[in-house]
Amino acid sequence: MKPLSLSDLMSLEEYSEKRKSFRSSVVEHKRNRSVQVGPNATLLFEDRLTIQYQLQELLRIERDFDDSALEMELEAHNRLIPDGNNWKATLTVEFPDVEERRIALIQLSGIEDRVWIDAGENDRIWAIADEFLVRAPEEQTSKLHYLSFELDDSFADAVKSGCEFSIGIRHDFYNYSVTPIAGDVRESLLEDLD
């Protein structure tokens, strides 16, 4: 996918006018790119549209970006757009109760390194955590992680030719999988591959 550039972003005024409809289309788009893994973890597979939305919202909130700061944000966020040989995802770990969340984030330390995908006879592919965010203290994990699944040709070819694939998390305190990834989510992820 082509990276975002300054010319792809709407001005604050234009975004203000289009925000409601843009947001609505992005929410619908995200439904086809989200995978719930167990009761407390969700993977949102990012693409150009989801990242553009993140940037537009960041600009709307911050309101005061010079070109150099905006270029830095573009560079950081463009790392979250798949390049045709990978899937990029945001892992969100959610526990509604504050005390339960505090305990769970300590127990789930390292969960970002225990997320996988597999397809057919191919080797399991483990996510690579791209932690350009400020990390939580070492004794606990964060609620949010950016992940990259670097796909080899064999894996990508298998998936494109119709092989079922699964996504899961294998952690001592959180062990769930989704098999197979199907329907609109599958089709949406296939569009990310060359």
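Is Arg19 buried, partly exposed or exposed, and what is its relative accessibility? At 24%, Arg19 counts as partly exposed, because the buried class stops at under 20% relative accessible area. We'll come back to this residue after a look at the whole fold, and do keep in mind that the model is a predicted one.

Starting with the big picture, the protein has 6 helices and 9 strands. Its radius of gyration is 17 Å, close to the 16 Å that the globule rule gives for 194 residues, so the protein is as compact as a globular protein of that length. If you drew a box along the principal axes, the C-alpha atoms would fill roughly 50 × 45 × 30 Å. Of the 194 residues, 42% are buried.

Now for the charged pairs. Searching the whole structure turns up 9 salt bridges. One of them sits within helix 1, which spans residues 12-31: Glu14 and Lys18 join their side chains at 2.9 Å, N to O. These two are 4 residues apart, about one turn of the helix. Glu14 is partly exposed at 29% relative accessible area, and Lys18 is partly exposed too, at 39%.

Back to Arg19, whose side chain meets that of Glu57 in a salt bridge of 2.8 Å, N to O. Arg19 belongs to helix 1 and Glu57 to helix 2 (residues 48-62), so this pair ties together parts that are 38 residues apart in sequence. While Arg19 is partly exposed, Glu57 is buried, with a relative accessible area of 12%. That value falls in the buried class because the cut-off is under 20%. There's a third member here as well: Arg60 is linked with Arg19 and Glu57 in a network of salt bridges.

Further along the chain, Asp118 and Arg124 form a salt bridge through their side chains, at 3.1 Å, N to O. Arg124 is partly exposed, with 32% relative accessible area.

Not every acidic residue is paired up like that. Glu62, Asp64, Asp66, Asp67, Glu71 and Glu75 make up a negative surface patch. Helix 3 (residues 67-78) supplies the largest share of this patch, with 3 residues. Glu71 lies in that helix and is partly exposed at 41% relative accessibility. It can join a patch because patches take residues with over 30% relative accessible area and no salt bridge.

One last stop is a backbone detail. Thr179 and Pro180 are joined by a cis peptide bond, with omega at about -20°. Pro180 is in the loop between strand 9 (174-178) and helix 6 (183-190).

Technical notes: Residues are numbered from 1 along each chain as its sequence is written. This is a predicted model: local features need pLDDT of at least 70, side-chain atom pairs count only at pLDDT 80 or more; totals for chains, interfaces and linings use all residues. Side-chain values use heavy atoms; hydrogens and water are left out. Patches are made of residues with over 30% relative accessible area and no salt bridge: like charges are joined within 9 Å, nonpolar side chains (Val, Leu, Ile, Met, Phe, Trp, Tyr) within 5 Å. Accessible areas come from the Shrake-Rupley method with a 1.4 Å probe; for residues, only the protein chains shown count as cover. A salt bridge is a side-chain nitrogen of Lys or Arg within 4 Å of a carboxyl oxygen of Asp or Glu. Lys and Arg count as positive and Asp and Glu as negative; His and the chain ends are not counted. The place of a charge is taken as NZ of Lys, CZ of Arg, CG of Asp or CD of Glu. Buried means under 20% relative accessible area, exposed over 50%, partly exposed in between (1.4 Å probe, protein chains only). The radius of gyration is taken over C-alpha atoms; the globule rule is 2.2 Å times the number of residues to the power 0.38.
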